[in-house]
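This report walks through a small set of features, beginning with charged pairs and ending with the surface. Please keep the sequence and the coordinates in view while reading.

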Amino acid sequence: MCEVLDRVENRGIAKGISQGIRLTIEIAKECGINKENLIEKIKEKFSLSDDEAKENVDKYYC
């Protein structure tokens, strides 16, 4: 039972982080921050690799 709860908790945490990344990107775009600077900040603040940060910015910087 504890394993199931741990998995549910971990999924919730991952979903929250993903939503935080998406909203951060949307706000940064609205404020006029360019993609290159945003990739660096997302990478730094969310401890992502270059590829992960770029993938997220490309996905949400519409």
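With which residue does E44 form a salt bridge, and how far apart are the closest N and O atoms? The partner of E44 is K45, and the closest N and O atoms of the two are 3.7 Å apart. This value, like every other in the report, comes from a predicted model.

**Overall form**

The secondary structure of the protein consists of three helices and zero strands, and along the sequence these follow the pattern α-α-α. Helix α1 covers residues 2–30, helix α2 covers residues 35–46, and helix α3 covers residues 50–60. The C-alpha trace spans about 45 × 20 × 15 Å along its principal axes, and the radius of gyration is 14 Å, where a compact globule of 62 residues would have a value near 11 Å. Among the contacts with a separation of 6 or more, 44% are accounted for by residues 24 or more positions apart. Buried residues make up 19% of the 62 residues, while the protein exposes about 4800 Å², of which carbon and sulfur atoms supply 54%.

**Salt bridges**

Side chains of opposite charge can pair when their charged atoms come close. In this model the count comes to seven salt bridges, and the table sets out three of them.

| Pair | N to O distance |
|---|---|
| K41 and E44 | 3.9 Å |
| E44 and K45 | 3.7 Å |
| K54 and D58 | 2.7 Å |

E44 appears in two of these rows, since its side chain meets that of K41 and also forms a salt bridge with K45. K41 and E44 both belong to helix α2, where they are three residues apart, about one turn of the helix. An α-helix has 3.6 residues a turn, so residues three or four places apart point the same way. Of the two lysines that pair with E44, K41 counts as partly exposed at 46% relative accessibility, whereas K45 is exposed, with a relative accessible area of 58%.

The pair K54 and D58 is found in helix α3, and because the two residues are four positions apart there, about one helical turn separates them. Both partners count as partly exposed, K54 at 42% relative accessibility and D58 at 36%. This pair is also part of a network of salt bridges that links K35, K54 and D58.

**The two faces of helix α3**

Which residues of helix α3 are buried? They are A53, N56, V57 and Y60. Seen down the axis of α3, these buried residues fall within an arc of 95 degrees, so they line one face of the helix. What covers them includes α1 and α2.

N56 shows this buried side in detail: it lies in helix α3 and has a relative accessible area of 16%, which is why it counts as buried, the cut-off being under 20%. Leaving aside residues up to four places away in sequence, N56 touches I21, I25 and L48; I21 and I25 fall within the range of α1 (2–30).

The face of α3 turned away from the buried side carries the exposed residues D51, E55 and K59. D51, for its part, is exposed with a relative accessible area of 62%. D51 and I39 are 12 residues apart in sequence, and their C-alpha atoms are 9.4 Å apart in space.

**The loop before α3 and the N-terminal surface**

Where is S47 found? S47 is found in the loop between α2 and α3, and its phi is near 55 degrees, a positive value in a residue other than glycine. S47 is also exposed, with a relative accessible area of 66%.

At the start of the chain, M1 is placed in the segment before α1. M1 is exposed, with a relative accessible area of 78%, and together with V4, L5 and V8 it makes a nonpolar surface patch of about 430 Å².

Note on methods. Residues are numbered from 1 along each chain as its sequence is written. This is a predicted model: local features need pLDDT of at least 70, side-chain atom pairs count only at pLDDT 80 or more; totals for chains, interfaces and linings use all residues. Side-chain values use heavy atoms; hydrogens and water are left out. Patches are made of residues with over 30% relative accessible area and no salt bridge: like charges are joined within 9 Å, nonpolar side chains (Val, Leu, Ile, Met, Phe, Trp, Tyr) within 5 Å. Accessible areas come from the Shrake-Rupley method with a 1.4 Å probe; for residues, only the protein chains shown count as cover. A salt bridge is a side-chain nitrogen of Lys or Arg within 4 Å of a carboxyl oxygen of Asp or Glu. Buried means under 20% relative accessible area, exposed over 50%, partly exposed in between (1.4 Å probe, protein chains only). The radius of gyration is taken over C-alpha atoms; the globule rule is 2.2 Å times the number of residues to the power 0.38. Contact means heavy atoms within 4.5 Å. The arc is that of the directions from the helix axis to the C-beta atoms.
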